[in-house]
Amino acid sequence: MQKKLAVAILNWNGKNWLEKFLPSVVQFSQNADIYVIDNLSTDDSIAFLKTNFPTVKIIKNDKNYGFAGGYNTGLKEITNEYYCLLNSDVEVTENWIEPILTLFEKDSEISAIQPKILSYDNKNFFEFAGAGGGLIDNLGYPYCRGRVFDDLEEDKGQYDDETEIFWASGCCFFIRSKDFWEQKGFDERFFAHQEEIDLCWRLINSDKKIFYTGKSKVYHVGGGTLNKQSAQKTYLNIRNNLSMMLKNLPFPKLIWLIFFRLCLDGVAGIYFGLKHGFPHLWAVIRAHFGFYRQLPGTWKLRQKNQKNQFYQSKWLIFNHFLGGNKK
């Protein structure tokens, strides 16, 4: 009998990650079907899985579609009621699934949920990608409870609650399959980075809820595909963030906010260039031109309804860098 939950791990040449972390997933996911969606890896990932994890189901994509397209393509073959999209560099813990399913069963309006995400290398601290639940400020900058820009908090139980958030992290992303497909999945033009925030924003604009539960926890390495110092990551984050705002912001806010963000990105580009080198400055410039190229298609994807109040914090960037607010 098919189980309610499918844990789907996207893989591209990640045999080493699977070898290290898949055992914890198999051990602690007895109530789930486990899939690996492979983006046409050129290493021996598939042979390794067949030899060592015969109970794990394998879905082979015909090319590397990236994170967004890879999941959109692979998940078409999975019909479970709930999906968990899990990064290959995540260690799960005992009882990580049950609190999530309990929340889903409690409230049918909850579409997506994330657990507490801690650092695998420093287990007392939150991890960059998701921490204690994703939020957004009034300028469209994503941040988390437990992580503001690059500043991470120590886990002292301050986020052991269950609460509504703005976005759930793609590194461990639970979602109702029907809601995923009603939104037509991820925006594949994003390729990777912030596609889960865009999807959550669309769900919120459709009167759905995004939740966090501190009763479930996982440990994430982070940077398994692109590390934080990658110029390509800078490019994808800035381009995708601008496209996401254009798709989801209510129109009165849209014009001034996009213009203001373009100006702030210019300042950020100079900062990145001085701190990390010219490739990061060039990445910001490329991101803007990438946003302009996508603009006609992005405009067509705007939803009919946008929430007027979408943010949880005002002027986060100024409060953080000028006001010293690190939490």
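In which helix is Tyr292 found? Tyr292 sits in helix α9, helices here being DSSP runs of H or I with at least four residues and strands runs of E with at least two, both numbered from the N terminus. The structure is a predicted model, in which local features need pLDDT of at least 70 and side-chain atom pairs count only at pLDDT 80 or more, while totals for chains, interfaces and linings use all residues. Residues are numbered from 1 along each chain as its sequence is written, and side-chain values use heavy atoms, with hydrogens and water left out.

Starting with the overall picture, the chain holds 10 helices and 13 strands. Its C-alpha trace spans about 55 × 40 × 40 Å along the principal axes. A compact globule of 327 residues would have a radius of gyration near 20 Å, and the 19 Å of this chain agrees with that; the radius is taken over C-alpha atoms, and the globule rule is 2.2 Å times the number of residues to the power 0.38. Of the 327 residues, 57% count as buried, where buried means under 20% relative accessible area, exposed means over 50%, and partly exposed lies in between (1.4 Å probe, protein chains only). The chain exposes about 14600 Å², with carbon and sulfur atoms supplying 55% of that area; accessible areas come from the Shrake-Rupley method with a 1.4 Å probe, and for residues only the protein chains shown count as cover. Contacts (heavy atoms within 4.5 Å) often reach far along the sequence: among those between residues at least 6 apart, 77% join residues at least 24 apart.

As for annotation, an unreviewed UniProt entry places the feature "domain: Glycosyltransferase 2-like" at residues 7–179. UniProt positions are given in the numbering used here, feature names are shortened, and annotations may be inferred rather than shown by experiment. In the model, residues 7–179 are 24% helix and 31% strand, and the end C-alpha atoms of the span lie 16 Å apart.

Helix α6 is mostly covered, with 11 of its 11 residues buried. Among them are Asp198, Trp201 and Arg202. Trp201 in particular has a relative accessible area of 0%. Setting aside neighbours within four places in sequence, Trp201 is in contact with Ile136, Phe166, Met244, Met245, Asn248, Leu249, Gln303 and Phe310. One of these partners, Met245, is 44 residues from Trp201 along the chain, yet the two C-alpha atoms are separated by 9.3 Å. After α6 comes Asp207, whose phi is positive, near 70°.

Asp207 also leads into the charged pairs. Side chains of opposite charge can pair when their charged atoms come close. With a salt bridge taken as a side-chain nitrogen of Lys or Arg within 4 Å of a carboxyl oxygen of Asp or Glu, the count comes to 16. Asp207 pairs with Lys307, the closest N and O atoms being 2.4 Å apart. This bridge links distant parts of the chain, 100 residues apart: Asp207 is in the loop between α6 (195–205) and β13, and Lys307 is in the loop between α9 (278–300) and α10 (316–321). Lys307 is partly exposed, at 30% relative accessibility. Shared partners join further salt bridges into one network of Asp187, Arg189, Asp198, Arg202 and Lys247. Within that network, Arg189 and Asp187 meet at 2.8 Å, N to O. Asp187 is buried at 7% relative accessible area, whereas Arg189 is partly exposed at 26%.

A further pair joins two strands. Glu162 bridges to Lys215, with the closest N and O atoms 4.0 Å apart. Glu162 lies in β11 (residues 162–165) and Lys215 in β13 (residues 209–220), 53 residues apart. Glu162 is partly exposed, at 28%, and Lys215 is exposed, at 56%.

That brings the description back to Tyr292, which is partly exposed with a relative accessible area of 39%. Tyr292 belongs to a nonpolar surface patch of about 940 Å², made with Phe251, Ile255, Phe278, Trp282, Ile285, Phe289, Leu295 and Trp299. Patches are made of residues with over 30% relative accessible area and no salt bridge, like charges being joined within 9 Å and nonpolar side chains (Val, Leu, Ile, Met, Phe, Trp, Tyr) within 5 Å. The elements giving two or more residues to this patch are α8 (251–276) and α9, and α9 provides the largest share, 7 residues.
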